[in-house]
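Welcome, and thanks for taking a look at this one with me. Here are my notes, written for someone opening the structure for the first time.

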Amino acid sequence: MRNSPLWQLTLARLREYVREPGTLFWVFGFPILLALALGLAFRSGAQPRMPIVVLPGAEQAARVALLDREHSLIVTGATEAEAQLWLSRGRAYLAVGGGTPVEYRYDPTRPETQALVLRVDRVLQTAAGRTDPLPTREETVVAQGSRYIDFLLPGLIGMNIMSASMWGIGWVIVQTRTRKLLKRFLATPMRKRDYLFSHMIARLIFLFFEVAVLLGFGHLAFDIRIQGSIPLIGLVAVLGAMSFAGVGVLTASRARTAETVSGLMNAVMLPMFVLSGVFFSAENFPSWMQPAIRILPLTALNDSLRAIINEGAGLAAVSFPLVVLAAWGALTFALALRIFRWS
């Protein structure tokens, strides 16, 4: 075993990981900092205060005073020019007229403005004497798994698995080729698959530490609780890493320069960063795009992780995403073995 080319190449890859502080930061430190920043920015708790402006008019001062009593609003009186500038720059979400009838100016594409208009209108109508025929009562409930950080963390794990697998394998292969080291391997009894498999095995060894660190950080910092099976999370992570390792090997199979492989990596990863639901749900895209989005490997990985972590899904519930991941890994690695060149 110790004389096996696969074993020695895997050890060499592990030593390269450990001896490169920059790699360790991007694999472990950066995802934690990103989760911390976004988790704090979108944390659950008190309702955020929404900035609005009141336009000039006979009722401007009275409406500023009335709306300013609402703890959820930041109210400012403004001129027409100031209001237009603040709305265009996002410094205010809503402009309220200062006369009669009450005018509301807002951008309907912003999801928070619709609820904001209803909130402000309710305050003004109630102050004008409107009474509701039915009594109401509000009760806020923050369910486990419904917070933004609960949605975000599985997406960050999936993003990290994809980035580390592709850059940690594809970039290294091309760098080795540009330094003329791959040519030297031709004179050894090492087989092509041993060299490529060694990258994948070393990636899988580090994978367990990456996922464990992110899940542990989420639990300690944001009280994220895993609802499903930890071994099933491990299975999904392994299939995801193997899938993207195959894509990374395929991308680097013929690339001869760092610039070429960088362009290829970005061309593969950037569409999935946007489409596969890392920071927001993939359901936001039109229905005609959904079939293509669902067969992307990062979509399959993110959906599986969220279903297991937040919903307690079992193996049967994530069987289709697992098939998608396995298919991507097998097809890309088989194609990479066929077209890979040492020089």
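The points below go through the cores, the sheet, one helix pair and one loop residue.

1. Please keep in mind from the start that this is a predicted model.

2. A good place to begin is the largest nonpolar core, which has 69 residues. Within this core, Ile 161, Ile 173 and Tyr 195 touch the most other members. At least two residues of the core come from each of α2 (21-41), α6 (148-178), α8 (192-222), α9 (230-252), α10 (258-275), α12 (297-311) and α13 (319-339). The most is given by α6, with twelve residues. In general, nonpolar side chains of soluble globular proteins tend to be buried together.

3. Try centring your view on Ile 161. Leaving aside residues up to four places away in sequence, Ile 161 touches Arg 203, Leu 207, Val 211, Ala 237, Gly 240, Ala 241, Phe 244 and Leu 301.

4. There is also a second core, separate from the largest one and made of 15 residues. Among them are Val 54, Tyr 93, Val 96 and Val 123.

5. Next, the sheet. Four strands form an open sheet in the order β2-β1-β3-β4, and their pairing is mixed. Because β2 (73-77) and β4 (104-105) are at the edges with a single partner strand each, one side of each has no neighbour in the sheet.

6. How do β1 and β2 pair, in the parallel or the antiparallel sense? Strand β1 (residues 50-54) pairs with β2 in the parallel sense, over five bridges. Val 53 has Thr 76 in β2 as its bridge partner. Helix α3 (residues 60-67) packs on the sheet and touches both β1 and β2. The direction of α3 makes about 165 degrees with that of β2.

7. Now turn to helix α1 (residues 5-18) and α8, whose axes come within 8 Å and cross at roughly 50 degrees. The two helices are therefore oblique to each other, and the crossing of α1 and α8 is right-handed. On the α1 side, the residues that meet α8 include Leu 6, Leu 9, Arg 13 and Tyr 17. On the α8 side, the residues that meet α1 include Tyr 195, Phe 197, Ile 201 and Phe 206. Tyr 195 is also one of the core residues named in point 2.

8. Finally, have a look at Gly 99, in the loop between β3 (94-96) and β4. Is Gly 99 buried or partly exposed? With a relative accessible area of 24%, Gly 99 is partly exposed. The C-alpha atoms of Gly 99 and Val 54 are separated by 9.8 Å, while the two residues are 45 residues apart along the chain.

Definitions and conventions: Residues are numbered from 1 along each chain as its sequence is written. This is a predicted model: local features need pLDDT of at least 70, side-chain atom pairs count only at pLDDT 80 or more; totals for chains, interfaces and linings use all residues. Side-chain values use heavy atoms; hydrogens and water are left out. A nonpolar core is a set of buried Ala, Val, Leu, Ile, Met, Phe, Trp, Tyr and Cys residues joined through side-chain atoms within 4.5 Å. Buried means under 20% relative accessible area, exposed over 50%, partly exposed in between (1.4 Å probe, protein chains only). Contact means heavy atoms within 4.5 Å. Two strands pair if DSSP finds at least two bridges between them. Axes are lines fitted to C-alpha atoms, for helices over the stretch in contact, and angles run from 0 to 180 degrees between N-to-C directions. Angles under 35 degrees count as roughly parallel, over 145 as roughly antiparallel, 65 to 115 as roughly perpendicular and the rest as oblique. A crossing is left-handed if the near helix is turned anticlockwise from the far one by less than a right angle, and right-handed if clockwise.
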